[in-house]
Amino acid sequence: MSNSSSMPQFLLLAVADRRELQLLHFWLFLAISLAALLANGLILSAVAWDHHLHTPMGFFLLNLSLTDLGCICTTVPKAMHNSLWDTTTISYMGCAAQLFFFYFFMSAEFSLLTIMCYDRYVAICKPLHYGTLLGSRACAHMAAAAWATGFLNALLHTANTFSLSLCQGNALGQFFCEIPHILKLSCSHSGYLRETGLLWFTVSLGFGCFIFIVFSCVQIFRAVLRIPFQQGWHKAFSTYLPHLTVVSLFASTTIIAYLKPPSISSPSLDLVVSVLYSVVPPALNPLIYSLRNQELKNAIRKMMT
């Protein structure tokens, strides 16, 4: 079956069967979306407005806020629309666009989280080399590499996934378009193996970034423990433990979503796992990485007053 000619639309997973639960889901996602939009909007405005935040970390926070907004705006609005109007359809081109932008922003975000951890590692463990290793040109190159990596990853997966022939219906067991659920509809064995191999490669790269983040955090904690002031300990642990927690949540749920055996797959499990890596991290990032920063909070306060 040709997916482009005879697959005009897909059917997404209904979050709930009862109308009351669908409306509850709509209001919950609306609250999360508005909170994420407000927080990331404030961060973008503050970093652009206050020259004291024109630092490498401020630059990376600005890029991270852009990816957070992109992640939220890619999947949540369609899920809200379907819950509000009691429908589950998404067009073929809409599904392709959603998949592309979701992988684009999520890949760029994980790369930025890795770069931000490297920034803190250099600032604490190699402070004398900070200006050399993280100059303005180096920061611009790293940010550009993160966005380019996300774009190429999304383009590769989207082109390969939507070149497959689909012959197993059009019902996706997910509330947004996701590669594993589209692969279940494929009747092309070679294409399925090719995309599965690409997923394994992408997950392996992500796991490598995760190992680098863990190693950097361990080195940061070791350096901080040498500080004779407990206030410095508290500040470091309160900053980097949430960072490590969110990255671990993002990485673990992504691995579960993409590499779990089909025998343990269920609609409820897939829904919970997908929310944990597609909605929760972008909504929490402003609180963990930005709004805990005193300089940023002061800039937001000045900007608003």
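## Membrane spans on record

Let's start with what the database says. An unreviewed UniProt entry lists the feature "transmembrane region" at residues 26–47, 100–118, 138–156, 198–225, 237–259 and 271–291. The structure you're looking at is a predicted model, and we can check how some of those spans turn out in it.

Take residues 100–118: this span is 100% helix and 0% strand, with its end C-alpha atoms 27 Å apart. Residues 138–156 also come out as 100% helix and 0% strand, and here the end C-alpha atoms lie 27 Å apart.

## One disulfide

Now for the cysteines. A disulfide is a covalent bond between the sulfur atoms of two cysteines. How many disulfides does this model have? The count is one. The partners are Cys 95 and Cys 177, whose sulfur atoms sit 2.0 Å apart. The link is left-handed, with -130° about the S-S bond. This pair ties together distant parts of the chain: Cys 95 belongs to helix α4 (residues 92–125), while Cys 177 is in the loop between α6 (136–161) and α7 (179–183), 82 residues apart.

Are the two partners buried or exposed? Cys 95 counts as buried because its relative accessibility is 0%, and Cys 177 counts as buried because its relative accessibility is 0% too.

## Cysteines left out

Why is Cys 73 not bonded to Cys 71? The sulfur of Cys 71 is the closest cysteine sulfur to that of Cys 73, but it is 9.5 Å away, so that's too far for a bond. With 44% relative accessibility, Cys 73 is partly exposed.

Cys 217 isn't in a disulfide either: its nearest cysteine sulfur, in Cys 117, is 3.9 Å away, and a disulfide needs the sulfurs within 2.5 Å. Cys 217 has 1% relative accessibility, so it counts as buried.

## The nonpolar cores

The largest nonpolar core has 69 residues, and the members touching the most other members are Phe 10, Cys 95, Phe 162, Leu 172 and Tyr 277. Several helices chip in at least two residues each, among them α2 (19–49), α3 (56–85), α8 (189–225) and α9 (230–259). Which helix gives the largest share? That's α4, with 19 residues.

Leu 172 makes a nice close-up. Leaving aside residues up to four places away in sequence, Leu 172 touches Phe 10, Leu 11, Leu 12, Leu 13, Cys 95, Cys 177, His 181, Ile 182 and Leu 185. Both disulfide partners, Cys 95 and Cys 177, are on that contact list.

There's also a second, separate core of seven residues, including Ile 43, Val 47, Leu 53 and Ile 300.

Terms used: Residues numbered from 1 in each chain as written. Predicted model: local features only at pLDDT ≥ 70, side-chain atom pairs only at ≥ 80, totals over all residues. Heavy atoms only, no water. Helix = DSSP H or I, 4+ residues; strand = E, 2+ residues; numbered from the N terminus. Buried < 20%, exposed > 50% of the residue type's maximum accessible area, 1.4 Å probe, protein only. Core = buried A, V, L, I, M, F, W, Y, C linked by side-chain atoms within 4.5 Å. Contact = heavy atoms within 4.5 Å. UniProt positions renumbered as here; feature names shortened; annotations may be inferred.
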